[in-house]
Structure formats: structure tokens, C-alpha cells
Amino acid sequence: MARAYNFSAGPATLPEPVLRQAQAEMLDWNGVGASIVELSHRGAEFMDVAAQAEADLRRLLSVPDDYAVLFLAGGATTQQALLALNFAAPGQVADYVVTGHWGRTAIRQVEPYVRVHVAADGGPGGFRDIPPRDTWSLSADAAYVHITANETIHGVEFRDTPEVGAAPLFADFSSSIASEPVDVSRYGLIYAGAQKNLGPVGISVVIVRRELLQREGQPRADIFTYASHAARDSMLNTPPTWNWYLLGLTVKWMLDEGGVEEFARRNAAKAGLVYGAIDASGGFYRNEVAPAVRSRMNIPFFLSDETLTARFVAESKAAGLLALKGHKAVGGLRASLYNAMPVAGAQALVDFMHDFQQRHG
Ligand code: PMP
């Protein structure tokens, strides 16, 4: 069976060697006579899997020792709510820089708990650019400053880490974690749902400067407390062991392939191919994002003749290129080019785009 190229925004394509290893180990993990998903999270076998995944992720992302790495059930949206509960006093101000749909979602999760200050908002410009840093109005006493490193729907990506002064910088890296080298020490906290670059949906990674875990935050259950998860190595309750195991395999694969430097090269090549095809199409295809902040991971694009969009989706699917339909919030088309998408996949998309233009242009 030939596997298609899957351009889904998430859950997204996973490396074939990871899927094959998981398949081979499904009934009998490492000779123990049971699947890893059938074993206790407190047993030696899974403890090893968990510790190895953390060690590998720390290596992959060059996480400094004074940062905790948490593996938590649930998605990025859950973390968005927990940020306020853990790090802001009731009613304290928190600054949000909104560069797309997910920045808005992040605000919705914390509105019951903090005074949200929108320090900058790309909304009036249709989220086609990131407001320049010197236009941001940061609060003097913010609990933290929140950004979305890569906006999965609008296709807008920070290409530099912004300087935000005294308040710690918190960043949603759900759709770009491990896509290039990042200086973790510039951030107070980085979080990501796993289902794009790290593995399967159902688990999130939180990387947080340990000293921040001493903040009181606000009244909350222990299960919502990052410090408690950190103290118990993310085993405060039964963790999503299967997801953690698959995440570990995916991280190991990224290390074996050459790490984030290598993925930065591949991702630049893939994005270069697709933006190149869009920009060279004479307007047949269109991407509206300012070139300096175009996402390397998610490329939303439009046909000049929008009546052809459904045909593009159907014909590309028939050609083995899956999930190119745009998100309903913006319409059109979208190609997601996460780490597991090979350069050959981007080339296949570009070849199809040329062919489609020749037939319909
Ligand atoms: N942030 C970003 C940047 C995302 O892309 C997504 C999901 N696509 C989310 C947050 C929400 O993640 P989840 O569905 O895992 O809660």
C-alpha cells in the first residue's frame, strides 16, 4: 500500500518509521509479552520509556536544566487555561499579543481569571502580518506576556523571539515546536499540543522555568497545578502512556535524522518550494501573509478563481495529496508541512499545483 502525502494541520502526518515501530511493538513491547499500552505507568518498563522521552526531548530542544519538562494529558487549549491559574494572581493583568485565531482562543481560556490586556492585535489587518514590536503596549505589571509562535490557521509565524522586558514570555509552540533551533532560555514557558510535530493528539508538552513554579497563582485543584506535576514527574495521575510512548519514538526519530538544525533546513526548503510556486503562478494562487512572517509550517493559499477550490481539493486527493482544504475560518486551501513531511511531499504538491494551473489556468 502506498502512503499518501498528508498535509493535515493536525492530527498530522507522522514519520513512517515511527508508525512501523509502533506496529511491530504493538503486541509485544521489548519482549515483555505485552504491549507498552497494557503496562502500568509505574512499572519499570514505562518509567524507562517516559524518562527516555524526556531526556531525548531535552536534547532535541536543548532545554536548560533550570526548566521542567511536563507531559500532560489533553491539548494546548487546556494549557492555555492553566497558564492563568498557575502564574497570575486573581485579577492580575496578563498581556496577550494576538496574531491569529489561536491567540484569540488563548485569551478566551483565561478571561475568567485575569485582566487580559491585548498588547498588540493583528486582527484589524486580517492577521496578514505581525504588529511591529515597537507598536506593542506592554503592561508594567503583567504576570506574563503571551504570544503564539506560529498561527496554524492564519499562517503567520514569529521569525524572532521578541524582547518583552521583565515579564516572562509564554509561547504557544503547538504548530512549530522542534521545527528549528529555539533559545528556550528566552522564554518563561513554552507549550505545545503534540499532534503536529511531536506525535499523536492527547498529550501536551510544557517547558517551564522552574522558578516560575513557585508562583502562587490562584485557587485551583491540585491536578491543575504545574508544580505538582513537576514534583511527580508528570505522574500525578495516570498519564496518557500510549501517546507518551509515540511522542518518544517521534522525538528519537528527529534526533536520528539530525535534530532541529536539519529540520530547519528541510522546513525552509519545503516552504520555499510551495511559496515559490504560489508567487510564480502569476496570481493563479495567492498567499496574503507578509513575506517576512510567512509560516514555514502552515501555508494558507487561495485560488484566484475560488469556484475551483473544491475541484483542487478533490483532484489533489485523487493524486495522493491529502487534507489540502483550508480551515473554515479563512477558507481556501492550506498545506501543512510539519517535520514528518518529506521534501518530496512538498515537491509533489508543487508539481500538482503546476499541473492544475495548466489544466485550469
Ligand atoms: N494552539 C495552536 C497554535 C494550535 O494549532 C492548536 C490546534 N490546532 C491549538 C492551540 C489547540 O490545540 P488543542 O486542540 O490540542 O487544544
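The paragraphs below lead from the overall division of the chain to its domain contact, one helix, the ligand shell and several loop residues.

The structure is a predicted model. A UniProt annotation from an unreviewed entry, "domain: Aminotransferase class V", covers residues 5-348. Within this span, 32% is helix and 17% is strand. The C-alpha atoms at the two ends of residues 5-348 lie 8 Å apart.

The domain assignment of the protein gives domain 1, residues 18-257, and domain 2, residues 258-360. Taken over C-alpha atoms, the centres of domain 1 and domain 2 are separated by 27 Å. Domain 1 contributes 25 residues to the contact, and domain 2 contributes 25 residues. On the side of domain 1 that touches domain 2, the elements giving two or more residues are β6 (150-151), β7 (156-157) and α6 (241-257). The largest share of that side comes from α6, with 3 residues. By class, the side of domain 1 that touches domain 2 holds 8 nonpolar, 9 polar and 8 charged residues.

Attention now turns to helix α3. This helix comprises 12 residues, 76-87, and at 1.5 Å a residue it should span 16 Å. The C-alpha atoms at its ends are 16 Å apart, which agrees with the expected span. Of the 12 residues of α3, 9 are buried, so the helix is largely enclosed by the rest of the structure. The buried residues of α3 are A76, Q79, Q80, L82, L83, A84, L85, N86 and F87. What covers them includes the strands β3 (93-98), β8 (169-172), β9 (189-193) and β10 (203-209), together with the helices α4 (101-110) and α5 (226-231).

A76, one of the buried residues of α3, is also among the residues that surround the ligand. The complete shell consists of G10, G75, A76, T77, W102, T148, T152, D172, S174, S175 and G193. By class, the shell around the ligand has 2 nonpolar, 8 polar and 1 charged residues.

G10, another residue of the ligand shell, is joined to P11 by a cis peptide bond with an omega of about -10°. P11 lies in the loop between β1 (5-6) and α1 (16-24). L14 is likewise placed in the loop between β1 and α1. With 22 other C-beta atoms within 10 Å, L14 is buried. Leaving aside neighbours within four places in sequence, L14 is in contact with L19, G199, T250 and A340. The C-alpha atoms of L14 and Y338 are separated by 8.9 Å, although these residues are 324 residues apart along the chain.

The loop between α5 and α6 holds two further residues to examine, D233 and S234. Phi of D233 is near 50°, a positive value in a residue other than glycine. For S234, also a residue other than glycine, phi is positive and near 60°. How exposed or buried is D233? D233 has 16 C-beta neighbours inside 10 Å and therefore counts as partly exposed; the cut-off for a buried residue is 20 or more other C-beta atoms within 10 Å. S234, with 24 other C-beta atoms within 10 Å, is buried.

Technical notes: Residues numbered from 1 in each chain as written. Predicted model: local features only at pLDDT ≥ 70, side-chain atom pairs only at ≥ 80, totals over all residues. Helix = DSSP H or I, 4+ residues; strand = E, 2+ residues; numbered from the N terminus. Expected span 1.5 Å × (residues − 1). Contact = placed C-beta atoms within 7 Å. UniProt positions renumbered as here; feature names shortened; annotations may be inferred. Domains from an automatic or database assignment. Nonpolar A, V, L, I, M, F, W, Y, C, P; charged D, E, K, R; others polar. Near = placed C-beta within 6 Å.
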